[in-house]
Structures are given as structure tokens and as C-alpha cells.
Amino acid sequence: MRTAPRALATVALTVAAGLVVSAVPAHAAPRFTPGAPGAGDPYFPDMGNGGYDVAHYDVSLRYTPANKGIKATTRVQAKATQHLSRFNLDFLGPLKVHSVTVNGKAAAFRRTGAQELVITPKQGLRKGKRFTVAVSYSGVPQRIDDETLGTSGWVATDDGAVALNQPFGTATWMPVNDTPRDKASYSFALTVPKDLQALSNGDFAGRKTSGGLTTWRWEMPRPMASELAMVAIGRYNLTWGRTPKGVPNITAIDSKLDTAVDQGKNFHKLTADITDWGSKLFGKYPFGSTGGIVDAIGVGYALETQGRPVYDRINRPGVNPSASLVAHEIGHQWFGNSVTPEQWKDIWLNEGFATYTEWLQSEQSGGDTAQQIFDEVYATPAGDALWQVKVADPGRDDIYAHAVYDRGAMTLHAVRQTVGDKKFFQLLSTWYARNRDGNVTTADFVAHAKKYGDAKRLDALFNKWIHTTGKPAL
Ligand SMILES: [Zn+2]
């Protein structure tokens, strides 16, 4: 491109005004290309996207009970990891996108495939440059009912909604780079009629009522995988406090389920005690606050949503989650949430560890020992499905297989037997300390464990417990 003197003067002025305008000759101009439409997970190829790295999501969402709809704006702060001509966010279902801006300027957008929101900014985004995307949208979000993985996403309840998003589902209510390998911090401003409560991940950052509506603010300043984002709207009885060690603790029980004497107080205390117990065992609690939400949802599971798990207790009024279940979900705060598998095939690094946390909670509170539980599970006949799954690569439809949980926990117990108690508990706490807020693979864990014991024996152990099928000989 030839540049006339007058144009040069314009460039100089624009640069002085703080805008980024390139004056480099044409032969040095970067080639802008589209970001990938997936993040490369073999189980979920459409999930996540390439070409950028998200630093922060700011979600501002208003819920209207009359039509169970939402009106929202999500702002995404990201950094380009290639010269981007366009890029995708994941966005799924019937919500209507009204506008998209990139760095404050209107950007072209279209929706393709099952979950792609394709955004083309006015100008290419240079590699290494930070940019902000704002997406405004509205409608009635729809949950996902997957044939093998069950329900996730925005789930309407009789008095509001709960968003539970593992493995996918976040894209049903906010545009997102929906891959666990792109962790980011989150801010939520949730506006609901003042007779409802709205909870989310992390730290309470205030609430304000005006014109019959209350806006609840929540902050998750530490990196969070998108699948761990959570919103819970409904009529809750809230209990506010701190654990004995001083971690802020906010728990909530759906008012219809909160029917037993001291139920809220008991659930609050159980959450507090298990949070502090985990800190003693694994290292300082990973987040700025803890808690839990008990609601009537109908999904049939509890989920370790970051900093504040959700327990579905539909049709169980007056009955709190068990210590074992709370130990599982709070255990995930270290294993799965703070230390997050990069790929879904490694989900045993979440579930095996959370299940083993249950075993340890039992052992250390006077129940069955981990050895007793191991023996009981090991007695499962050789023909059972427990022995037919490759724990460290179970397949897309088997990420929640019983084997991933129980055989995953058995693997950890086998490591404990091999290296001894002292080294085993060191190994667990250093695994957390070294990978806090990060992403990991099974190979990382195997390499880590081998620092604490005989490498050959441990290789053989992992090979028979997680890399192959069949009932391992003891
Ligand atoms: Zn779990």
C-alpha cells in the first residue's frame, strides 16, 4: 500500500489519539485468520473455541418469573492468541442475540451449527491484543437433556431456575468459551423480583433493591472453568457466617425443603466443618468463600459448582445432604475446580479424588476405613461394568460411569498402599499446591506420583487401574 503524505499525517494524529492504527508496509501486515470453532476436546469437539484466551466474564442478567425469561448482557474480556479475522463463542438454544460489540464497536454476528456464535469485528484483532466483547440477548433459556449425560444448563424450577452446567450447559444462558482449559474470573449481577434470592459462585459483593427488583452481585476472582459456573434463583432461606477457621460461608435451602428443626443451621455447620477439614488435609481452601445450595431441581445429582455446590433434593423436604455427599462436593473444590483436567477424558482426576475424599471423611470420622470401602468395592464380580471401563479414557458417554468414580478412588487407595500414608498425603497436598488454579492431565498426575515411590511399581499400578480394562489383581 502506498501512503500519500496527507494519509501519513492522519495516521500520526490517530496514533496520538491513542487508537491503534498500523503504519507498517503491506508486506509486513499480519494475516488475519478465523479462530477455530472448537477447542480440540475429542469427546466434545464443538465445545470451546480457538484463537483467544478469556480473562474475565461479566454477566448482567435479569430474570422475570412471569415468562421465566431472561434479559442479559455478557461482557467477555479476552486476549487474541493469533491474528484474528473472526472468532466464535459458544451459545446454545433459543435465546435471541440482539447486539454484539467488540471494543465498543458494533460487530457482525451469525449463529451456525449447534452452538456457535460467530463474531466478525470491524477490524482484525492482532495477536497478543486484549479485546472486549459485549453480547446482549434475551429469551427463555432451555435446558439440555442428553441421552447419556443427563440434564444440564438452565433448569427452570417451580420458583425460579438453577443453572448447572457440567459438562456443557453454560452456553444455554451466556455466551462463553466453553472449555475447561480456558479458565477465567467471573462477575455476576443477577436482578430478580425482591421476594426472590439470586445466588452464584464465590463471594457476595452486595445487593441493592429499587423499584421492586433486587440486584445480587457475586464475584469469583479466581480462575474458574466454565462448566463450574452457577446461578440459583428462587425462594431460599439463607444462612450467613464463617467456618471456624474463618472462611466466609453462605448456604441456602429452598424454603419448601427447609422443614426440619435447625435444618439450615445443620447444613451450614456441616459445610463449614468439611471445608475446614479439607483445608487441614489438602491445603488451604482454594477460594474466598464456601457454602452450598439445597434446591428442588429434579436433575438427580449434586454438582461441585465453584465455591458453592448445589444439591438437588427434590421430594426430600427436611432431609439435608449427607456428610459423605458434602465431602464429595467440597473435596472437588481442590480436585476438579482449583486443579482442573484439561480434557474430559481425564475426569477421574475430579471424580476419583472426590470419591476418595468421601472415603477419607468416613475413615476420619469413625466410619468405615478407606481400606474397608476399597475391599467392599473390590469384591464386585469381575463381569461387572466397574471393570469394563478405561478410567483414564472412559469415552464420551461414560464420563459419569460408576468406574470413573469408584475405580478412580481405588486407584488412589492403591497408590496410598504403595507409598505409605505419610508420602500419600504429601503427594495429595503437593498435587494441589503445584497445580492450584491450573489445568492438568493424567500424565501429569502419574509423573507427580512417581516422585513419591518406586517409578516402575507405580507405572504398573496406573497401567492396571486406569489405562486398561479388567479387574486388577492385588
Ligand atoms: Zn463429583
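# Notebook: cavities, a helix pair and a pocket

I began with the enclosed spaces, and the largest cavity holds about 40 Å³ of space. I noted at the outset that this is a predicted model.

**Entry 1, the largest cavity.** I looked up its lining. Pro180 and Glu227 are part of it. So are Thr340, Pro341, Gln343, Trp344, Ile347 and Asn350. I sorted the lining of the largest cavity by class and got four nonpolar, three polar and one charged residues.

**Entry 2, the second largest cavity.** How many cavities of 30 Å³ or more does the structure hold? I found two. The second largest cavity has a volume of about 30 Å³. I listed its lining as Phe282, Phe335, Phe353, Tyr356, Thr357, Leu360, Leu412 and Leu428. Which helix gives the most to this lining? I found that α4 does, with four residues. By class, the lining of the second largest cavity has seven nonpolar residues, one polar and no charged.

**Entry 3, helices α4 and α7.** I turned next to α4, which covers residues 348-364, and its packing with α7, residues 421-435. I read an angle of about 135° for the pair. Their axes lie 14 Å apart. Why do I call the pair oblique? Angles over 145 degrees would count as roughly antiparallel, and 65 to 115 as roughly perpendicular. The angle of about 135° fits neither range, so α4 and α7 are oblique to each other. I also recorded that their crossing is left-handed.

I then checked which residues make the contact. From α4 they are Leu349, Phe353, Tyr356 and Leu360. From α7 they are Phe424, Phe425, Leu428 and Trp431. I counted eight nonpolar residues in this contact, no polar and no charged. Some names were familiar from Entry 2. Phe353, Tyr356, Leu360 and Leu428 take part in the helix contact, and these residues also line the second largest cavity.

**Entry 4, the second largest pocket.** I moved on to an open space. The second largest pocket has a volume of about 310 Å³. I found 17 residues in its lining. Nearest its centre lie Gly300, Tyr301, Ala302, Glu329 and Tyr405. Which elements each supply at least two residues of the lining? I noted strands β20 (302-303) and β21 (310-312), and helix α3 (323-334). Helix α3 gives the most, with four residues. I closed with the classes: the lining of the second largest pocket has eight nonpolar, four polar and five charged residues.

Definitions and conventions
Residues are numbered from 1 along each chain as its sequence is written. This is a predicted model: local features need pLDDT of at least 70, side-chain atom pairs count only at pLDDT 80 or more; totals for chains, interfaces and linings use all residues. Side-chain values use heavy atoms; hydrogens and water are left out. Axes are lines fitted to C-alpha atoms, for helices over the stretch in contact, and angles run from 0 to 180 degrees between N-to-C directions. Angles under 35 degrees count as roughly parallel, over 145 as roughly antiparallel, 65 to 115 as roughly perpendicular and the rest as oblique. A crossing is left-handed if the near helix is turned anticlockwise from the far one by less than a right angle, and right-handed if clockwise. Contact means heavy atoms within 4.5 Å. Ala, Val, Leu, Ile, Met, Phe, Trp, Tyr, Cys and Pro count as nonpolar, Asp, Glu, Lys and Arg as charged, and the others, Gly among them, as polar. On a 1 Å grid over the protein atoms alone, a cavity is a set of points where a 1.4 Å probe fits but cannot get out, and a pocket is an open set with protein on both sides within 12 Å along at least five of seven lines; lining residues have an atom within 4 Å of a point. Grid points are joined across faces, edges and corners, and a volume is the space filled by probe spheres set on the points.
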